[in-house]
Amino acid sequence: MSKPTVMLTPALDAFIERMPKVELHLHLEGSIESQTLLDLAARNKIEIPAQNVAGVEQLLRYRDFGEFLTVYMALVRAVVTGEDFERLAYELGRHLATQRVRYAEVMVSPMQHILRDVDMLEAIAGTAAGFARAQRETGVRVNLAFDFGRQYGPERAWHVLEVAQQAMPYGVVAWSIGGNEIGNPPEPFAEVFAAARQAGLQVMAHAGEVVGPASVWGAVDVLQSARIGHGIRAIDDPRLIAHLRTRGTVLDVSPSSNLYTGAASSWTMHPLRRLYDAGVIVTINTDDPTFFHTTLSSEFRLAVKHFGFTADDLVQVTRNAVFGSFLPAAEQVALWQEIEAEIATLRAELGV
Ligand code: ADE
Ligand code: ZN
């Protein structure tokens, strides 16, 4: 498989570092800093399988997606109170600002918290307060999505959808399914998704991460999701590729995530370049930055190194993120105008 060779020159590296960015696919819980995890576990007297930062880091290696999910669930138990969520959101907001992220859509996975008797509205109020504090200090702007763990089934989703509606005043703008895709196809969630749309929530779905094209077909045609988390297995079905292109479906791709969970067996096998070249609208994301040892700038660098992305390509995926976002159309246009102008100035300065 040939890919254009693009050198990560100091100028391109500086451009990546400094360019204004938008991130559409990351999880609040998956962004928790290792030290914060330890602090919260100690304060809440929750046992986690690590004593120090090195111990946490050691856990963050997985043989497959199932193992990732097990570690994720075990560690996230440390987060309990509204104050805890406030800290997570504040730290994530500040982190996003270091990546020059101007706007992000951040998922919270309610079911795992509800099952531990966490008050989800308190959690979301804390989350909103944390992001508001980060916004006051850095200007970074965040909207929220509920990401329902599909393994808990559609019946329980109805209750969580009610909570999502109550959380809309705190900046919850979207409804999604995530979690274990294997054995949990999208179709049974059709009515829940229709109700979410009816309630004024936007929708998206994780699909085609560790299950093949059928999962993406279901998410697009049955759930009517205009945005897909990952979607990388669409590469196995040329008819689906054409369908995604025609519909303008956005695939929120997270390359390091796919390598860590085994969703992609190697960088060579990862289909990001092929999806992009096929004309599918893609964005680049971190998914769970702590769990996959990454940042958005790092993902952009990896896109240069492994997929031959140029400065033009990185600008294109940023534009895709702006216009694929759940912001109202007028706000998308305003955001893009601001970002485009800054990028032009930066490119002139750096000569990239
Ligand atoms: N929740 C957090 N990370 C996820 C992923 N990569 N896929 C599905 N659900 C998730
Ligand atoms: Zn995800």
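This briefing walks through a parallel sheet, a zinc site and a handful of individual residues. The model is a predicted one. At its heart for our purposes are 8 strands that form an open sheet with parallel pairing, and a zinc ion (ligand 2) held by His25, His27, His206 and Asp287. His25 is a good residue to keep an eye on, since its place is in strand S1 and its NE2 atom is one of the zinc donors.

**The sheet**

- Reading across the open sheet, the strands come in the order S1-S2-S3-S4-S5-S6-S7-S8.
- The edges are strand S1 (21-27) and strand S8 (281-284), and each of them pairs on one side only.
- How much are neighbouring strands turned against each other? On average the turn is 25°, if you ignore direction.
- Helix H14 (residues 296-307) packs on this sheet, where it touches S1, strand S2 (101-108) and S8. The direction of H14 makes about 105° with that of S1.

**Strand S4 and its partners**

- On one side, strand S3 (residues 141-149) is joined to S4 by 6 bridges, and the two run parallel. If you want a spot to look at, Leu144 has Val172 in S4 as its bridge partner.
- Strand S4 (residues 172-178) is also joined to strand S5 (residues 202-207), this time by 4 bridges, and again the pair runs parallel. Here Ala174 has Gln202 in S5 as its bridge partner.
- Is S4 mostly covered or mostly open? It is mostly covered, with 6 of its 7 residues buried.
- A general point helps when you look along any of these strands: in a regular strand, side chains alternate between the two faces of the sheet.

**The zinc site**

- Which atoms hold the zinc ion (ligand 2)? The protein donors are NE2 of His25, NE2 of His27, NE2 of His206 and OD of Asp287, and they lie 2.1 to 2.3 Å from the ion.
- Along the chain, these donors follow the spacing H-x1-H-x178-H-x80-D. One pair links distant parts of the chain: His25 sits in strand S1 and Asp287 in the loop between S8 and H14, 262 residues apart.
- Why is the arrangement called irregular? The 4 donor atoms subtend angles of 88 to 167° around the zinc ion (ligand 2), and that spread makes it irregular. The upper end goes past the 135 degrees allowed for a tetrahedral set of four.
- For a yardstick, the ideal angle for four tetrahedral donors at a metal is 109.5 degrees.

**His25 and Asp287 up close**

- Both residues are tucked away: His25 counts as buried because its relative accessibility is 1%, and Asp287 is buried too, with a relative accessible area of 3%.
- Their side chains are joined by a polar contact of 3.0 Å.
- His25 has plenty of company from elsewhere in the chain. Not counting residues up to four places away in sequence, it touches a list that includes Glu105, Met107, His206, Gly229, His230 and Asp252.

**Two helix residues that are buried**

- Ala123 is in helix H7 (residues 120-138), and it counts as buried because its relative accessibility is 0%. Leaving aside neighbours within four places in sequence, Ala123 is in contact with Gly82, Phe85 and Val118.
- How far is Ala123 from Ala311? The two are 188 residues apart in sequence and 39 Å apart in space, C-alpha to C-alpha.
- Gln332 is in helix H16 (residues 329-350), and at 10% relative accessibility it falls under the 20% limit, so it counts as buried.
- A polar atom of the Gln332 side chain lies 3.0 Å from the backbone oxygen of Ser325. Ser325 is also one of the contacts of Gln332 beyond its neighbours within four places in sequence, together with Val322, Phe323 and Leu327.

**Two loop residues with positive phi**

- Arg100 is found in the loop between helix H5 (82-98) and S2. Its phi is near 60°, a positive value in a residue other than glycine.
- Gln224 is found in the loop between helix H10 (213-222) and strand S6 (227-230), and its phi is near 60° as well.
- Buried, exposed or in between? Arg100 counts as partly exposed at 34% relative accessibility, and Gln224 counts as partly exposed at 39%.

Note on methods: Residues numbered from 1 in each chain as written. Chains lettered and ligands numbered in written order. Predicted model: local features only at pLDDT ≥ 70, side-chain atom pairs only at ≥ 80, totals over all residues. Heavy atoms only, no water. Pairing = 2+ DSSP bridges. Axes fitted to C-alpha atoms, helices over the stretch in contact; angles between N-to-C directions. Contact = heavy atoms within 4.5 Å. Buried < 20%, exposed > 50% of the residue type's maximum accessible area, 1.4 Å probe, protein only. Polar contact = N/O pair within 3.5 Å; in protein donor to acceptor, adjacent residues only side chain to side chain. Donors = N, O, S within 2.8 Å, 3.2 Å for Na, K, Ca; no water. Tetrahedral: all angles 85-135°; square planar, octahedral: opposite > 155°, others 65-115°.
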